[in-house]
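Here's a walk through a multi-chain model, starting with how the copies fit together and ending in the empty space between them. Pull it up and follow along.

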There are 4 protein chains.
Amino acid sequence: MHQQSKEMQNCIDQCLSCYKICLGTAMTHCLEMGGKHVEPAHFRLMMACAEACQTSAHFMLINTPHHKHTCRECAEICEECATDCETIGSMDECVQACRSCADSCRKMTA
Amino acid sequence: MHQQSKEMQNCIDQCLSCYKICLGTAMTHCLEMGGKHVEPAHFRLMMACAEACQTSAHFMLINTPHHKHTCRECAEICEECATDCETIGSMDECVQACRSCADSCRKMTA
Amino acid sequence: MHQQSKEMQNCIDQCLSCYKICLGTAMTHCLEMGGKHVEPAHFRLMMACAEACQTSAHFMLINTPHHKHTCRECAEICEECATDCETIGSMDECVQACRSCADSCRKMTA
Amino acid sequence: MHQQSKEMQNCIDQCLSCYKICLGTAMTHCLEMGGKHVEPAHFRLMMACAEACQTSAHFMLINTPHHKHTCRECAEICEECATDCETIGSMDECVQACRSCADSCRKMTA
């Protein structure tokens, strides 16, 4: 990859990893577990988190200065998603990916 | 469509229309005109605008309250894209779609 | 919009409309109804249909000849989604959007 | 991640990596080099390749059997993109990512 700082390259990777884990967890684990896992507020948060991560990666890859705003929003949604997944339980991989992505995104907003 | 207010439905349509016009203009008109039209700052702004519009529509369709933040960011990028397209010229359809989308997105951020 | 034939412009609009209705129906109606509506096979089909439609529109807007293949796949998924929504019931808007999009996409594959 | 075979997990990673490299290369390297790099046919192919890769990853994450068709199309576009990048030159990372992704996608179409 060109031009992007090591920090931005790392953030792109964290975003794509979190996109992958949130979307994959929602569409396999959550749909198959049912109950709390498909409760609208939780499921929408998982899907919004996946989309926010993919969009933030996209903005950094486009190399636009607007990535600062998408990264700020992404950090916020990831934190909320991590807390929600922790409360519901059995989604440790998702909790970890969201926390790690939020940390990485916050560094890009400065 | 369900649940979404008339105002939100209108905003989803404005976002999808602006996504369509920005992406279509960049990938046909701009690439074929060359020169100023493929200057990195301009082309990236067109692509960021298309992505921001598509993401805002997606967030409203997911029915997540986070759409307020994506709509605020979308309004900002659309205004910037409209101004840039106006300066370069020969992209009136894009200027109009961006302005109209920005107006609609601002109403969703309250 | 530039260059695209009237037929392609119509297909782009059908794809974006079907994307909007499938995603919106899944994330509001289906999640809130529960039961059969969040059964994994059905819900995945709704989400795959929304993504296929958005991707086909994207390929036509990019103006790449590969749109013929994405339109063929889109027509197939839309037909399957229409049939599934008809069987489950109470999703007439989705059935109609999928059928109409499938018709439009088939015309682009010639 | 749940349920997905090791082979599918690998293909998802290859697709997201190729998405990242194609989009990043187009929006930085190609836009800044200009000339052949922003010639419409080449630039559209880069953008179509990025979108095809992201969509194939998305379909596998949704866990829909339709991923076989998106993977077939993705393999085809990746091969074409690799050849085009090789001809134009100075995009070795992109050539390699496209070839590797095409190999991985072909294994998913059986």
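Let's begin where chains A and B meet: 100% of the interface residues of chain B are also interface residues in chain A, so the two copies meet through the same surface. Before going on, some housekeeping: this is a predicted model, so local features need pLDDT of at least 70 and side-chain atom pairs count only at pLDDT 80 or more, while totals for chains, interfaces and linings use all residues. Residues are numbered from 1 along each chain as its sequence is written, chains are lettered from A and ligands numbered from 1 in the order in which they are written, and side-chain values use heavy atoms, with hydrogens and water left out.

Now the symmetry. A rotation of 180° with 0.0 Å of shift along its axis puts chain B on chain A, at an RMSD of 0.0 Å (a least-squares fit on the C-alpha atoms of residues with pLDDT of at least 70 in both copies). That is how a two-fold axis relates copies. In chain B, the C-alpha nearest the axis belongs to B:Thr55, 3.6 Å from it.

For a look at one residue, try A:His66, in the loop between helix H2 (40-62) and helix H3 (67-88) of chain A (helices are DSSP runs of H or I, at least four residues, numbered from the N terminus). A:His66 counts as buried because its relative accessibility is 5%, where buried means under 20% with a 1.4 Å probe and protein chains only. Leaving out residues up to four places away in sequence, A:His66 touches A:Phe59, B:Leu45, B:Glu73, B:Glu76, B:Ile77 and B:Glu80, a contact being heavy atoms within 4.5 Å.

And the empty space? There are 2 cavities of 30 Å³ or more; a cavity is a set of points on a 1 Å grid over the protein atoms alone where a 1.4 Å probe fits but cannot get out, and lining residues have an atom within 4 Å of a point. Volume is the space filled by probe spheres set on the points, which are joined across faces, edges and corners.

The largest cavity has a volume of about 290 Å³. It is lined by 21 residues, with A:Glu51, A:Gln54, C:Glu51, C:Gln54 and D:His58 closest to its centre. The second largest cavity holds about 130 Å³, and among its 13 lining residues A:His58, B:Met47, B:Glu51, C:His58 and D:Met47 lie nearest the centre. H2(B) gives the largest share of that second lining, 4 residues.

Key. Helices (H or I, at least four residues) and strands (E, at least two) are DSSP runs, numbered from the N terminus. Buried means under 20% relative accessible area, exposed over 50%, partly exposed in between (1.4 Å probe, protein chains only). On a 1 Å grid over the protein atoms alone, a cavity is a set of points where a 1.4 Å probe fits but cannot get out, and a pocket is an open set with protein on both sides within 12 Å along at least five of seven lines; lining residues have an atom within 4 Å of a point.
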